[in-house]
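Reader: Could you walk me through this fold, a bit at a time?

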Amino acid sequence: MSTTSREVHLIERPDGLPTEGQFRIVETEVADPTEGEVLVRNVYMSVDPAMRPPLTNGQTPLDKTMGAGAIGKVIASGHSDFEEGKYVQHRFGFREYFVSDGNGLSVLDPTLGPLTCYLHVFGGTGFTAYGGLLEVGQLKDGENVFVSAAAGAVGSVACQIAKIKDCYVIGSAGSDEKCEWLKEIGVDAAINYKKEPIRKSLKAAATNGIDVYFDNVGGDHLDAALPRMNLLGRIPICGMISAYNNFGSISDGVTMLANMIYGRITMRGFVAPDFMHVREQFLADMGQWVSDGRMQYRETILEGIENAPKALIGLFTGLNIGKMLVKLSDE
Ligand SMILES: NC(=O)c1ccc[n+]([C@@H]2O[C@H](COP(=O)([O-])OP(=O)(O)OC[C@H]3O[C@@H](n4cnc5c(N)ncnc54)[C@H](OP(=O)(O)O)[C@@H]3O)[C@@H](O)[C@H]2O)c1
């Protein structure tokens with residue numbers, strides 16, 4: 001006996017925005033688990049902007065199963081640590097089923113909220129926003145904050161943490177529908193950067209300057225924020241999605257760096273694992289904020305493994321509001 005599964009392979013390296021034709025859905029047979037192994041049926045998987053540069057720079061191999069953060073259900077087990085029926089979190093996304101010896105799997109006990117939340121507010125994107133804003137951004141109550149890609153997974157959490165800290169929050173996003181949602185979650189000034197150049201609209205919105213710019217975009221957004229930064233302002237560099245479709249993630253010109261000098265601005269990149277020392281506090285805070293309604297979230301869920309490439313590409317065309325996920329099977 002075996003289980004028929006489908007998985008996603010990259011078959012051609014993209015130059016610019018990827019196309020669905022550069023991926024292939026491949027059918028495989030997954031053998032039954034033996035002693036010490038488990039068979040997992042994936043339920044949800046995440047797509048993330050950071051997956052884009054490796055498609056071009058060679059880190060994602062061609063004609064092999066791709067990887068992604070995902071949650072699956074153990075449906076057959078020969079491993080005492082992973083009971084049948086339990087959910088497991090892992091990085092074996094982009095496939096429907098897999099067999100594992102348990103390496104890289106952690107049992108998930110979804111007590112804080114729905115399963116999908118462990119791929120955003122309680123997962124990597126929520127943790128990134130929390131650590132980036134509070135640890136790197138050193139956010140203080142009542143400051144002026146600008147968040148780019150504000151209606152996305154990381155951005156929407158960053159905006160709401162800043163509101164919880166009584167800050168004045170400016171968020172930029174690529175559609176009126178996204179800006180409407182930003183207002184619903186408390187953002188004070190929502191900018192549709194596709195309607196007017198970001199430099200102009202940010203200047204108009206940031207009448208009291210910016211103390212913390214949480215940068216998800218880089219390029220023109222970073223350039224627009226630099227002249228608006230207040231004395232001793234901080235710029236946590238979370239991501240540069242505007243550059244990821246360029247070979248080497250080469251950013252569009254950032255020309256206003258001289259503002260860092262007299263402004264005494266700090267700019268610092270980071271990755272989520274930098275903040276493991278605040279992980280318990282993050283889960284406690286986020287659990288509280290979600291349960292008391294101060295942290296809201298949205299999800300854009302595409303159905304079926306065949307839509308996983310579309311979901312990944314959609315991050316670069318603005319298809320998602322909140323976290324982009326792919327549903328691979330029923331819970
Ligand atoms: N440092 C870390 O550890 C870490 C961890 C996770 C994520 N990140 C970074 O955080 C950022 C957001 O990630 P996410 O997972 O939350 O994705 P996301 O914001 O949910 O989705 C990406 C969004 O970026 C916007 N976008 C795409 N191209 C753009 C461009 N050229 N200019 C302006 N906006 C653009 C799109 O929204 P619009 O409709 O608004 O354009 C899109 O919906 C990314 O840069 C990512 O690399 C960093």
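Reader: In what order do the six strands of the open sheet run?

Author: Ground rules on the way in: this is a predicted model, where local features need pLDDT of at least 70, side-chain atom pairs count only at pLDDT 80 or more, and totals for chains, interfaces and linings use all residues. Residues are numbered from 1 along each chain as its sequence is written. Strands (E, at least two residues) and helices (H or I, at least four) are DSSP runs numbered from the N terminus, and two strands pair if DSSP finds at least two bridges between them. The sheet is open with parallel pairing, and its order is S10-S9-S8-S11-S12-S13.

Reader: Which strands stand at the edges of it?

Author: An edge strand here has a single partner strand, so one side of it is left without a neighbour in the sheet. That applies to strand S10 (189-192) and strand S13 (266-269).

Reader: By how many degrees are neighbouring strands of this sheet turned against each other on average?

Author: Axes are lines fitted to C-alpha atoms, for helices over the stretch in contact, and angles run from 0 to 180 degrees between N-to-C directions. For the average between neighbouring strands of this sheet, direction is ignored, and the turn comes to 15°.

Reader: In S9, what is the bridge partner of Val147?

Author: Strand S8 (residues 144-147) runs parallel to strand S9 (residues 168-173), and four bridges join them. In S9, Val147 is partnered by Gly171.

Reader: What angle does H3 make with S9, and H5 with S10?

Author: Both helices pack on the sheet, contact meaning C-beta atoms, placed from the backbone, within 7 Å. H3 touches S8, S9 and strand S11 (210-214), and its direction makes about 165° with that of S9. Helix H5 (residues 198-205) touches S8, S9 and S10, and with the direction of S10 its own makes about 170°.

Reader: Elsewhere in the chain, which residue in S4 stands opposite Arg41?

Author: Strand S3 (residues 38-46) and strand S4 (residues 70-77) pair in the antiparallel sense over seven bridges. S4 also runs antiparallel to strand S5 (residues 87-90), joined by four bridges, with Gly72 partnered by Val88 in S5. Opposite Arg41 in S4 stands Lys73.

Reader: How far apart are the centres of domain 1 and domain 2?

Author: The chain is divided into domain 1 (2-120 + 297-327) and domain 2 (124-291), with bounds from an automatic or database domain assignment. Their contact takes 18 residues from domain 1 and 19 residues from domain 2. On the domain 1 side, helix H1 (residues 52-57) gives the largest share, three residues. Taken over C-alpha atoms, the centres are separated by 28 Å.

Reader: Why does the ligand lie between the domains, and which residues are closest to it?

Author: Domain 1 and domain 2 both give residues to the shell around the ligand, so it lies between them. Helix H2 (124-136) and helix H3 (153-164) each supply at least two residues of that shell. A residue counts as near if its C-beta atom, placed from the backbone, lies within 6 Å. On that basis 31 residues surround the ligand, and the closest are Gly152, Val154, Gly174, Gly239 and Gly318.

Technical notes
Two residues are in contact if their C-beta atoms, placed from the backbone, lie within 7 Å.
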